[in-house]
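User: Please take a close look at a single part of this protein, its strand pairing, and set that part in the context of the whole chain. A connected account would be preferred to a list.

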Amino acid sequence: MASPSLAVLCVVLATAAAQLPDFIPTCERGNGLEDCIVKAVNELRPRINKGIPELDVPALEGLRIDEVVVSPAGSSYRIVGRNLLISGAENFRVFRLKADLPRNTFYIGVEFPDVKYTGQYTMNIPTPMMRINGAGFVNGNATSIRANAVLEGKIVKRDGKSYYNFKTLDLDVKLGDYKIRLDGLFRDNKFLEDLVLSMINERSKEFAWMAEPLAERAASQKALAWANKIAKNLPIEDMFPESA
């Protein structure tokens with residue numbers, strides 16, 4: 001579920017106004033910078049939903065993720081999602097934004113009312129009662145998603161200009177609720193599959209440890225790559241002009 005990553009991408013685009021086409025608003029340095037960026041994101045939403053090909057910006061509608069893997073160090077579980085199709089990301093809302101230009105850091109808070117996803121999965125999770133080892137198709141939806149991101153970078157010099165090179169994107173995702181369907185969870189045991197899925201969906205808060213890391217990993221991988229793709233062609237002097 002890469003929705004938070006697209007919202008981070010929108011913020012990066014909004015701050016890059018000086019080098020982009022005329023339809024992107026300009027934001028100057030100063031006390032109103034953050035408010036200006038949030039306003040610019042809202043104005044850009046219709047275009048970003050469809051994608052901006054000249055900037056290699058993907059569309060929010062019909063977003064695809066090739067693969068995402070969650071297998072924390074020191075743990076014995078592994079979850080892999082492949083060929084994931086995401087919808088509903090276009091309805092995001094930025095609720096918090098802070099641009100710390102001296103530290104080359106951006107703090108971004110985003111909300112999504114409802115996101116749907118389909119794709120394929122493999123899962124290997126040991127539990128006290130049994131080992132869950134399944135593979136097949138997955139579909140579901142998540143509601144009331146709240147994501148907080150910290151995007152940090154450094155400045156590199158090229159041809160007399162300064163550019164951002166973003167090194168890390170820390171993302172914390174909280175799901176208000178979610179429903180999921182995993183075909184093939186217990187291979188040929190349909191009764192056990194339905195029983196476990198019913199338990200997960202009825203007690204989604206208790207099983208958030210499984211879904212939230214998957215969303216975080218998928219979103220952070222995409223967002224960091226997209227942010228650097230945009231930033232490498234945009235001088236900081238043009239992204240953040242001094243106030244007149």
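Analyst: Two strands count as paired if DSSP finds at least two bridges between them. The model is predicted, and strand β5, which covers residues 131-158, serves here as the point of reference.

Strand β5 pairs with β7, residues 177-182, in an antiparallel arrangement joined by six bridges. Within this pairing, Asn139 faces Arg181 of β7. A contact links the two strands at the neighbouring position as well: Ile180 touches Asn139, along with Val138 and Gly140. Leaving aside neighbours within four places in sequence, Ile180 also contacts Tyr117, Leu197, Ile200 and Asn201. Ile180 belongs to the largest nonpolar core, which has 66 residues, and is among the members that touch the most others. Leu182 is listed in that group too, as are Phe106, Met123, Tyr164, Leu185 and Phe240.

The pairing of β5 with β4, residues 105-126, is also antiparallel and comprises 21 bridges. Here Asn124 is placed opposite Asn133 of β5. A further antiparallel pairing, of 13 bridges, connects β5 to β6, residues 161-174. In that pairing Ala149 stands across from Leu171 of β6. The hairpin of β5 and β6 has two residues between its strands, and Asp159 adopts a positive phi near 55° there.

The loop ahead of β4 also makes contact with this region. Asn104 lies between β3, residues 93-100, and β4. Is Asn104 buried or exposed? With a relative accessible area of 12%, Asn104 is buried, because that value falls under the 20% cut-off. Apart from residues up to four places away in sequence, Asn104 touches Leu151, Glu152, Gly153, Lys154 and Ile155, as well as Tyr164. Tyr164 is in turn one of the core members with the most contacts to other members.

In the chain as a whole, the pairings described belong to a protein with five helices and seven strands. From the N terminus, the order is two helices, then the seven strands, then three helices. Of the contacts with a separation of 6 or more, 67% are between residues 24 or more positions apart. Buried residues amount to 48% of the 244 in the protein. The exposed area is about 11900 Å², of which carbon and sulfur atoms supply 50%.

Definitions and conventions:
Residues are numbered from 1 along each chain as its sequence is written. This is a predicted model: local features need pLDDT of at least 70, side-chain atom pairs count only at pLDDT 80 or more; totals for chains, interfaces and linings use all residues. Side-chain values use heavy atoms; hydrogens and water are left out. A nonpolar core is a set of buried Ala, Val, Leu, Ile, Met, Phe, Trp, Tyr and Cys residues joined through side-chain atoms within 4.5 Å. Buried means under 20% relative accessible area, exposed over 50%, partly exposed in between (1.4 Å probe, protein chains only). Contact means heavy atoms within 4.5 Å. Helices (H or I, at least four residues) and strands (E, at least two) are DSSP runs, numbered from the N terminus. Accessible areas come from the Shrake-Rupley method with a 1.4 Å probe; for residues, only the protein chains shown count as cover.
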